[in-house]
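Here are some notes for a colleague who is meeting this structure for the first time. Please read the points below with the sequence and the model open side by side.

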Amino acid sequence: METKLAIIVRSTEIDVNGHVNNAKYLEYLEWGREEWYEACELSYETFGDLGVQTVTVNININYRKECKQGEHLTVSCRPEKIGNSSYVLGQEIRNQQGELCADALVTSVTMDSTTRKSREAPAALRAYFA
């Protein structure tokens, strides 16, 4: 399942170079992942009921095109691959012309809520990687 989240670049997201600050792209990606989790009905509460939390362990991002104030962007998120406890979500940020502004592979790990150690990804999550 792929989700798409529409956002508008705000003035507070612009740096001294007149474009979106690089750290804001990471925030946009996080918003996109939250949209994906919600669409998959994998809320914090759902993971909590399963005794699991997710932790981001790696983000590999490519900045392709600058974004400016007032631009309408779309942040997409889709499952890429899953291992025993780790999984990768692929994400893109595109402008209103459909141009790729950034793309990223985000690796997360499922961990046991009690022991704080990695643990096998639950079936509820695995189902989206089939």
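1. Ile 59 counts as partly exposed in this predicted model, since its relative accessibility is 33%, and partly exposed covers the range between the limit of under 20% for buried and that of over 50% for exposed, so the residue falls inside that range. The residue belongs to strand β2, and on the neighbouring strand β5 it stands opposite Val 106.

2. Ile 59 also contributes to a nonpolar patch on the surface, where Leu 26 and Tyr 63 are its partners. Taken together, the three residues of this patch have about 240 Å² of accessible area.

3. The pairing of strands around β5 deserves a careful look, and a reader may begin with strand β2, residues 52–63, which runs antiparallel to β5 and is joined to it by 11 bridges. Strand β4, residues 86–95, is likewise antiparallel to β5, with nine bridges between the two, and here Gln 91 stands opposite Ala 104. Strand β5 itself, residues 100–112, is mostly covered, as 11 of its 13 residues are buried.

4. The hairpin of β4 and β5 has four residues between the strands, and among the points to check there is Gly 98, which takes a positive phi near 85°. Two residues that are not glycines also have a positive phi and may be worth inspecting: Glu 41, with a value of about 60°, and Arg 116, with a value of about 65°. Glu 41 is found in the loop between α1 and α2 and is exposed, with a relative accessible area of 63%, whereas Arg 116 lies in the loop between β5 and α3, the latter spanning residues 123–126.

5. A second patch on the surface is negative, and it is formed by Glu 35, Glu 38, Glu 45 and Asp 49. The elements that give two or more residues to this negative patch are α1, residues 22–39, and α2, residues 44–49. Asp 49, which has its place in helix α2, has a relative accessible area of 71% and is therefore exposed.

6. How many salt bridges does the count come to? The total is eight, and one of the pairs is formed by Glu 99 and Lys 65, whose closest N and O atoms are 3.9 Å apart. This pair links distant parts of the chain, with Glu 99 in the loop between β4 and β5 and Lys 65 in the loop between β2 and β3 (72–82), 34 residues apart. Glu 99 is partly exposed at a relative accessible area of 34%, and Lys 65 is partly exposed at 35%.

7. Two further salt bridges can be examined in the model, including the one in which the side chains of Lys 68 and Glu 66 meet at 3.5 Å, N to O. Lys 68 has a relative accessible area of 40% and is partly exposed, and Glu 66, with 40% relative accessibility, also counts as partly exposed. In the other pair, the side chains of Arg 126 and Glu 120 meet at 3.9 Å, N to O; Arg 126 is partly exposed with a relative accessible area of 24%, while Glu 120 counts as partly exposed at 48% relative accessibility.

Terms used
Residues numbered from 1 in each chain as written. Predicted model: local features only at pLDDT ≥ 70, side-chain atom pairs only at ≥ 80, totals over all residues. Heavy atoms only, no water. Patch = residues over 30% accessible without salt bridge, like charges linked within 9 Å, V, L, I, M, F, W, Y side chains within 5 Å. Areas by Shrake-Rupley, 256 points an atom, 1.4 Å probe, with all protein chains shown as cover. Salt bridge = Lys/Arg side-chain N within 4 Å of Asp/Glu carboxyl O. Lys, Arg positive; Asp, Glu negative; His and termini not counted. Charge placed at Lys NZ, Arg CZ, Asp CG, Glu CD. Buried < 20%, exposed > 50% of the residue type's maximum accessible area, 1.4 Å probe, protein only. Pairing = 2+ DSSP bridges.
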